[in-house]
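Work through the exercises below with the sequence and the model open side by side. Try each task before reading its solution.

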Amino acid sequence: AMSLFRTPHIHVKVQGHDTPLLTTQLYLPDAEDTNARDRGYDQALAIRYTGQEGSARHATFDFVLSRG
């Protein structure tokens with residue numbers, strides 16, 4: 001039976017001036033338990049935390065867009 005469980009993730013759409021629309025999802029690296037249970041999890045799509053300001057965390061992810 002297929003599980004409907006998903007680890008926490010962020011839906012993202014990115015498009016450059018001359019590139020097709022990229023639709024993907026990014027994952028939280030500190031959700032190890034739930035990432036391990038989600039068959040859709042891809043470590044290459046995990047964000048990197050870069051700092052914190054109060055309760056807000058700063059993160060980064062590099063997108064590489066290709067023309068056509």
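Helices and strands here are DSSP runs, numbered from the N terminus; a helix needs at least four residues and a strand at least two. The model is predicted.

**Exercise 1. The fold in outline**

Task: Give the order of the elements in the protein chain, and state how spread out the chain is.

Solution:
- Step 1. Count the elements. The protein chain has 1 helix and 4 strands.
- Step 2. Read them from the N terminus. The order is β-β-α-β-β.
- Step 3. Compare the radius of gyration with the globule rule. The radius is 14 Å, and the rule gives 11 Å for 68 residues, so the protein chain is more spread out than a compact globule.
- Step 4. Add the spans. Along its principal axes the C-alpha trace covers about 40 × 40 × 15 Å.

**Exercise 2. Surface, burial and charge**

Task: Describe the surface of the protein chain, its buried share and its charges.

Solution:
- Step 1. Take burial. Of the 68 residues, 22% count as buried.
- Step 2. Take the surface. About 5400 Å² is exposed, and carbon and sulfur atoms supply 51% of that area.
- Step 3. Take the charges. There are 7 positive and 8 negative charges, and their mean positions lie 6 Å apart.
- Step 4. Take the contacts with a separation of 6 or more. Residues 24 or more positions apart account for 29% of them.

**Exercise 3. Threonine 19**

Task: Is threonine 19 buried or exposed, and what does threonine 19 touch?

Solution:
- Step 1. Locate the residue. Threonine 19 sits in the loop between strand S1 (9-14) and strand S2 (22-27).
- Step 2. Apply the cut-off. Buried means under 20% relative accessible area. Threonine 19 has 13%, so it is buried.
- Step 3. Look for a polar partner. A polar atom of the threonine 19 side chain lies 2.6 Å from the backbone nitrogen of glycine 16.
- Step 4. List the contacts. Leaving out residues up to four places away in sequence, threonine 19 touches Leu65, Ser66 and Arg67.

**Exercise 4. Histidine 11 and glutamine 25**

Task: Trace the contacts of one residue in S1 and one in S2.

Solution:
- Step 1. Start with histidine 11, in strand S1. Its relative accessible area is 63%, so histidine 11 is exposed.
- Step 2. Cross to threonine 24. This residue is 13 residues from histidine 11 along the chain, and their C-alpha atoms are separated by 6.1 Å.
- Step 3. List the contacts of histidine 11. With neighbours within four places set aside, they are Thr24 and Gln25.
- Step 4. Check its side chain. Histidine 11 and histidine 9 share a side-chain polar contact of 3.1 Å.
- Step 5. Turn to glutamine 25, in strand S2. Its side chain makes a polar contact of 3.4 Å with the side chain of histidine 9. Another side-chain polar contact, of 3.4 Å, joins glutamine 25 to tyrosine 27.
- Step 6. List the contacts of glutamine 25. Beyond four places in sequence, these are Arg6, His9, Ile10, His11 and Leu45.

**Exercise 5. Leucine 28 and alanine 31**

Task: Which residues do leucine 28 and alanine 31 touch?

Solution:
- Step 1. Place both residues. Leucine 28 is in the loop between S2 and helix H1 (32-37). Alanine 31 is in the loop between S2 and H1.
- Step 2. Classify leucine 28. At 22% relative accessibility, leucine 28 counts as partly exposed.
- Step 3. Classify alanine 31. Its relative accessible area is 13%, so alanine 31 is buried.
- Step 4. List the contacts, without residues up to four places away. Leucine 28 touches Pro8, Ile10, Asn35, Ile47 and Tyr49. Alanine 31 touches Thr7 and Pro8.
- Step 5. Check distances. Leucine 28 and glutamine 43 are 15 residues apart along the chain, with 9.3 Å between their C-alpha atoms. Alanine 31 and histidine 9 are 22 residues apart in sequence and 9.7 Å apart, C-alpha to C-alpha.

Methods
Residues numbered from 1 in each chain as written. Predicted model: local features only at pLDDT ≥ 70, side-chain atom pairs only at ≥ 80, totals over all residues. Heavy atoms only, no water. Rg over C-alpha atoms; globule rule 2.2 N^0.38 Å. Buried < 20%, exposed > 50% of the residue type's maximum accessible area, 1.4 Å probe, protein only. Contact = heavy atoms within 4.5 Å. Areas by Shrake-Rupley, 256 points an atom, 1.4 Å probe, with all protein chains shown as cover. Lys, Arg positive; Asp, Glu negative; His and termini not counted. Charge placed at Lys NZ, Arg CZ, Asp CG, Glu CD. Polar contact = N/O pair within 3.5 Å; in protein donor to acceptor, adjacent residues only side chain to side chain.
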